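Q: Could you take a close look at one part of this model for me? I would like to see how two helices pack against each other, and then how a strand and a few loop residues sit.

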Amino acid sequence: MTLRARIDAFAGMALDGWTGTSRHWPTGGDATAVESIPSDPHAARLRALRRGEFVAEAQIRTVADGEEAILTLTGPEGRHPADTPLVACLIEAAFQRCPDARRLRVAGLGGAPALVALAADGRAGPGCAAPDALVERSGFYQLPLLWLRPETRAAYPQIRSARGPGDRLPPLRPPQPNGVMYRRWLPHLGTTLSFRAIDRRVDLALFHQWMNQPRVSYYWELARSETELDRYLADQEADPHLFGVIGSFDDVPVGYFEFYWAKEDRLGPYYDAEDHDRGWHGLIGNPDHLGRPKTLAWFKAVTHYLFLDEPHTRRIMGEPRASHRKMLSYCADAAYETLKEFDFPHKRAALVCCERERFFREVPL
């Protein structure tokens, strides 16, 4: 059976923490499928396949109160730096299968070359010749090795720019990305979530359709002609402080999001903005994908992407309507704290803030 067939056989299935096949896209490598085969209520076998061919295997089992799990690689993987992407796939699959585990002990690989970029600590077990590598969930999900496409991001030095408000001049911002930027398998939804940069040359009709839906235009106020919306997106292309993306489930367009640097945004004057604060706006345009589980998945994925995209970003900010209780409830479930209410020229807004450490400590991904 091919990799595609193996993956499609489980598409749409909500995993129970132990069974199923997950998808992984290691940086610079082929797509990897990891099958989870239960052994007993506390253990499973993980089989990694690329292009339908077996490439690695591991055993996973929980210990004590379930906050820790032990991953044992049964092959030679982990002994060479080139093994890091494959080991990362197995670690991600293990965390998916053990949703309550806060850390993984990768048995006997505390000093192995493939683990030095994944585990910040090690621990020697009783009578063990080699220490175990300790991979903390809160740290692992901050690493860009599996979800962020490296060709869409450029690390920029701290060069002060003259492009921005005179009293809030930002650093020189990286170029806007092109193509797919982020991709991650969601076990609880049985689907792959992805972001790609909007391209008005091919996405204008879809963008126009979404913006002219009454439930969307009520908040976005962009129920305009295609010509006017083409100009809106063209102006955005020339603005270094924000860019738009299309969000998809299994490559089916679902929503539109705008990511911005908060310091030079209209939000900047209303709080003590830092150089790398980010913010975002979003809408679900595809009515087939409404509902709390999927909308909350977008909240988490957007926040995850923005923290991955710029390691110096400590905070994701927002300014939803203060009266929009449903939106604020999503914020609370994604670790956004409401700091205050304030008056924008066009609305009474709530200032919300998601801090990096709290997000990765508290929010399940």
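A: Here is a walk through the helix pair, followed by the strand and the loops.

This is a predicted model, in which local features need pLDDT of at least 70 and side-chain atom pairs count only at pLDDT 80 or more, while totals for chains, interfaces and linings use all residues. Residues are numbered from 1 along each chain as its sequence is written, and side-chain values use heavy atoms, with hydrogens and water left out.

Let's start with the helices. Two packed helices are described by the angle between their axes and the distance between the axes. Helix α4 (residues 200-211) packs on helix α6 (residues 226-237) at about 120 degrees, with the axes 10 Å apart. Axes here are lines fitted to C-alpha atoms, for helices over the stretch in contact, and angles run from 0 to 180 degrees between N-to-C directions. Helices (H or I, at least four residues) and strands (E, at least two) are DSSP runs, numbered from the N terminus. That angle makes α4 oblique to α6; angles under 35 degrees count as roughly parallel, over 145 as roughly antiparallel, 65 to 115 as roughly perpendicular and the rest as oblique. From α4, the contact (heavy atoms within 4.5 Å) uses Arg200, Leu204, Ala205, Phe207, His208 and Met211. The α6 side brings Glu226, Leu229, Asp230, Tyr232, Leu233, Ala234 and Glu237. These contact residues divide into 8 nonpolar, 1 polar and 4 charged, where Ala, Val, Leu, Ile, Met, Phe, Trp, Tyr, Cys and Pro count as nonpolar, Asp, Glu, Lys and Arg as charged, and the others, Gly among them, as polar.

Now to strand β8 (residues 132-136), which is mostly covered, with 4 of its 5 residues buried. Buried means under 20% relative accessible area, exposed over 50%, and partly exposed in between (1.4 Å probe, protein chains only). Strand β6 (residues 103-106) pairs with β8 in the antiparallel sense over 4 bridges, pairing being called when DSSP finds at least two bridges between strands. In that pairing, valine 106 stands opposite alanine 133 of β8. Strand β7 (residues 121-123) also runs antiparallel to β8, joined by 3 bridges, and arginine 123 stands opposite aspartate 132 of β8.

Finally, the loops. Aspartate 100, between α2 (84-97) and β6, is exposed at 61% relative accessible area. Not counting residues up to four places away in sequence, aspartate 100 touches Gly66, Glu67 and Arg137.
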